[in-house]
Amino acid sequence: MVNLKKLLIPVSILLVLTSCEYNKKQIVDYPITPIPFTKVHLHDNFWLPRILKNTEVTIPIAFQQSEETGRIKNFEIAGGLKKGSFCSKYAFDDSDVFKIIEGASYSLMIKPDPELEAYLDSLIYKISLAQEDDGYLYTNRTIMGDSALPMAGKKRWENESEHSHELYNAGHLYEAAVAHFQATGKRTLLDVAIKNANLIDKEFGWGKIGKYPGHQEIEIGLVKLYRVTGEQKYLDLAKFFLDVRGPGGWEYNQAHLKVTDQADPVGHAVRAMYMFSGMADVAALTGDTAYLKAIDHIWENVVTKKMYITGGIGQTGGNEGFGSEYDLPNMSAYCETCASIAEVLLNQRLFLLHGDSKYIDIMERVLFNALLSGVSLSGDLFFYDNPLESNGQHERQKWFGCACCPSNISRFLPSFPGYVYAHRDNDIYVNLFVESEASFETPAGKITITQKSNYPVSGEISIHVTPENAGLRKIFVRIPGWARNEAVPGDLYRFVDTSVALARIRINGEEINFDTQKGFAVLNRKWERGDSIEVSLPIPVRKVIANEKVAEDRNKFILQRGPAVYCAEDKDQEEKSVLHFIADQTQEFKTGPVTDISRGLPVIGFTATDILRNIDGSLTIADKSREIIAIPYHLWANRGPGEMIMWIPFVKEAAIPFPAPTIAYLSRKSSSGAKEDLNLISDQYDPKNSNDHSGGYIHWWPQKDTTVWIQYDFQKPETVSECSVYWFDDGPDGGCRIPAGWRVLYKQGSDWKPVKELLDYTTTKDTYDKVKFESVRTSALRLEVQLQKEFSGGVHEWVVK
């Protein structure tokens, strides 16, 4: 990990550190106010260990990686402390440093750390030196000038609406600056942010530069600056960047229509969610109902047509974003970690606007599943994308060239306590269940809420209410949708059966009947010191099925317990395989003892039977069944890569059968630099089309205009006379196409010789290309592929007969 002491700038050359008060201006805002995370102290066994791991491991590692990859050196070079060229691959790498500073600042608010604070002082000094005299801060251009990366453009702002990320970097700078100011009272980074924001306000606007951000984020940052400074121009600028967007731009970054005319979620998921969050902020602060109408429609379409059962969003990797309605492939699901974080931001804002628990229900689903999957239990390994099925090709990484996800995790986790409670005047909202204590001011005086809970292991929650002054108020306690027989809002997913066990509430030991309002139990009474609320949420194992329109999940079910959805991972099974079975959904699914990997949560056990493919293509059900153990999804891949499945088939036609023992399947595979697991080309999965990501494929990206190959070495000499190949082609948005040409060679001794084809070679998209040739007896075949001049290529399946 990074040694913070070695990286400090001497105190004598640090900028003078001063404090200032928060903006005292009274502003119109969200009708509901979240309780700040600094006022909420966790004592639980689920979230607190993860937040501490983030502080002790993730943030130091993120700073270390930023040092080793040159992200911090870029500021040193731009500021004249060192000499050299731009060190990073992307011009937006400045933003990673800002996000980590934000996370570190949040951590300082939770747990003071003089060494970390001194390191931040040193780092902020370097950032201040890198800022140009007029406030411009973008290390790639400052260092490289007219030779900046192509994505940056030759001049300031000229490529902003597409690739440069100048405004994106600025947005994360503002968020980091506000967090650091609130944590320490120091204006050092805040002054850098204000100077930059003043430059952007001077140059952008109606009658000035009329461009919108290519990657939305600055809107959120400007609103935070407005809240702290009270400067109306920052809020106005945030609104300008929204209103100037579209129509006629890219759908990829949501510039195809005016933001108020958009109703369908399209394009890059993170960009979209950041934009919608910015729209919610501006709507709350300005009363713009058109913004609110648009994001309400978009939210509805996300949740009812384009969201995974994990809460993850973004079906496709090509655009890192949204695909077609109900097209929810599992193995190729993208579900970027950043998108999950942005989804939480949006749902929190929509709750603050509407007071409806359905937004918290979605937020909770994301938190316990798609989001937490993005970071390992050890805090030092990460997922960028979070699929719902794996053949072993997915593995957690220490870092990424594009490192937005680890840095985003580092800033989100310490802010989690701020999502637990909220209030509207004197009324209190208990949104999430976590053992904690929160003390905060209301118009009727200070109140302390103390929550005792072992959630999500148990659904028994005890809430103690300690008001400074006794009085009438409402306490809204969320009854989760899953405890009301609602899997998710809408009909995208539903429980197989209805649970007869419903939530119960006792006040001061006496069970009460309660009214619900927008998913909250409304407890309206005179609250006094010592009053207690006991909530009992039954947490049985539930089975969830998808809407029939989701073709990928037909005749399959998923297991859920409380807010957590479950998966089966090969590591827990006697037979190290989980992709090829079916299970009777009417059987009893039993919770089992806690294991090391389950970290306090019970596992779920059930019986399954393997499905086998025969040589003739028919399917056979295995004679014996076997026991399967399922674990919470967010814990998968903490023991290395391997098979994983979430959606469990209950009919054989929906299963992925064990491959038949064909020549290709039994062969040893090799290649000239192909990426992904080579066994995927003989797994006997028939693609729906050449751009099918639901199964596996191999590819040679970024190679192009060259000859490449894959090879089968047979277990014993075989007589062969036919090959069929299904090419991977990811279409106009990707870099792979069907090849310029191909041929089959067989091994004779130590030489490779071309087969004598009886039919001409064809190269066709969305179907198998078949070649028949004169029979040869050989120990190996090689598929030689000529890639197109401007494109790479790949293979779904290579069949040999």
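Here are some exercises on this predicted model, each with a worked solution.

Before you start, note that residues count from 1 along each chain as its sequence is written, and that side-chain values rest on heavy atoms, leaving out hydrogens and water. Because the model is predicted, local features need pLDDT of at least 70 and side-chain atom pairs count only at pLDDT 80 or more, while totals for chains, interfaces and linings use all residues.

**Exercise 1. Two helices**

Work out what span is expected for helix α12, and how many of its residues are buried.

Solution.
- Start with the naming: helices (H or I, at least four residues) and strands (E, at least two) are DSSP runs, numbered from the N terminus.
- α12 covers residues 337-354, which makes 18 residues.
- The expected span is 1.5 Å times one less than the number of residues. For α12 that gives 26 Å, and the helix reaches 26 Å from its first C-alpha to its last.
- Now for burial: buried means under 20% relative accessible area, exposed over 50%, and partly exposed in between, with a 1.4 Å probe and protein chains only. On that scale, 18 of the 18 residues of α12 are buried.
- Right after the helix comes Gly355, with a positive phi near 70 degrees.

Next, explain why helix α2 can be called largely enclosed, and find what it packs against.

Solution.
- α2 runs over residues 71-78, and seven of its eight residues are buried, so the rest of the structure largely encloses it.
- The buried set is Arg71, Ile72, Asn74, Phe75, Glu76, Ile77 and Ala78.
- Take contact as heavy atoms within 4.5 Å. These buried residues then pack against α1 (47-68), α3 (94-110), α4 (114-130) and α5 (139-144).
- Gly80 follows α2, and its phi is positive too, near 85 degrees.

**Exercise 2. Strands and partners**

Lay out the six-stranded open sheet and pick out its edge strands.

Solution.
- Two strands pair if DSSP finds at least two bridges between them.
- The strand order is β1-β4-β5-β9-β14-β13, and the pairing is mixed.
- β1 (33-34) and β13 (515-517) each pair on one side only, which puts them at the edges.
- Inside the sheet, β9 (residues 471-478) and β14 (residues 520-527) run antiparallel and share eight bridges. Val477 has Ala521 in β14 as its bridge partner.

Now find which strands pair with β30, and through which residues.

Solution.
- β27 (residues 707-728) runs antiparallel to β30 (residues 768-786), with 15 bridges joining them. Gln711 sits opposite Arg782 in β30.
- β28 (residues 741-748) is also antiparallel to β30, over six bridges. Here Arg743 faces Glu784 in β30.

**Exercise 3. Unusual backbone**

Locate the cis peptide bonds at Pro247 and Pro456, then compare the settings of Trp157 and Asp766.

Solution.
- The bond from Gly246 to Pro247 is cis, with omega near -5 degrees. Pro247 is in the loop between α9 (232-243) and α10 (269-286).
- Tyr455 and Pro456 are also joined by a cis bond, with omega about 10 degrees. Look for Pro456 in the loop between β7 (445-453) and β8 (460-467).
- Trp157 is not a glycine, yet its phi is positive, about 70 degrees. This residue lies in the loop between α5 and α6 (166-184) and is buried, at a relative accessible area of 4%.
- Asp766 is not a glycine either, and its phi is also positive, about 70 degrees. Its loop lies between β29 (751-754) and β30, and at 40% relative accessibility Asp766 is partly exposed.

**Exercise 4. Cysteines and a buried arginine**

Decide how many disulfides there are, and describe the setting of Cys405.

Solution.
- A disulfide is a pair of cysteine sulfur atoms within 2.5 Å. The structure holds zero of them.
- For Cys405, the nearest cysteine sulfur belongs to Cys338, 3.6 Å away.
- Cys405 is buried at 1% relative accessible area, and Cys723 is buried at 0%.

Finally, describe the surroundings of Arg737.

Solution.
- Arg737 is in the loop between β27 and β28 and is buried, with a relative accessible area of 15%.
- A polar atom of its side chain lies 2.7 Å from the backbone oxygen of Gly731.
- Leaving out residues up to four places away in sequence, Arg737 touches residues including Phe728, Pro732, Gln788 and Phe791.

Terms used
A polar contact is a pair of N or O atoms within 3.5 Å; within protein, one must be able to donate a hydrogen and the other to accept it, and residues adjacent in sequence count only if both atoms are side-chain atoms.
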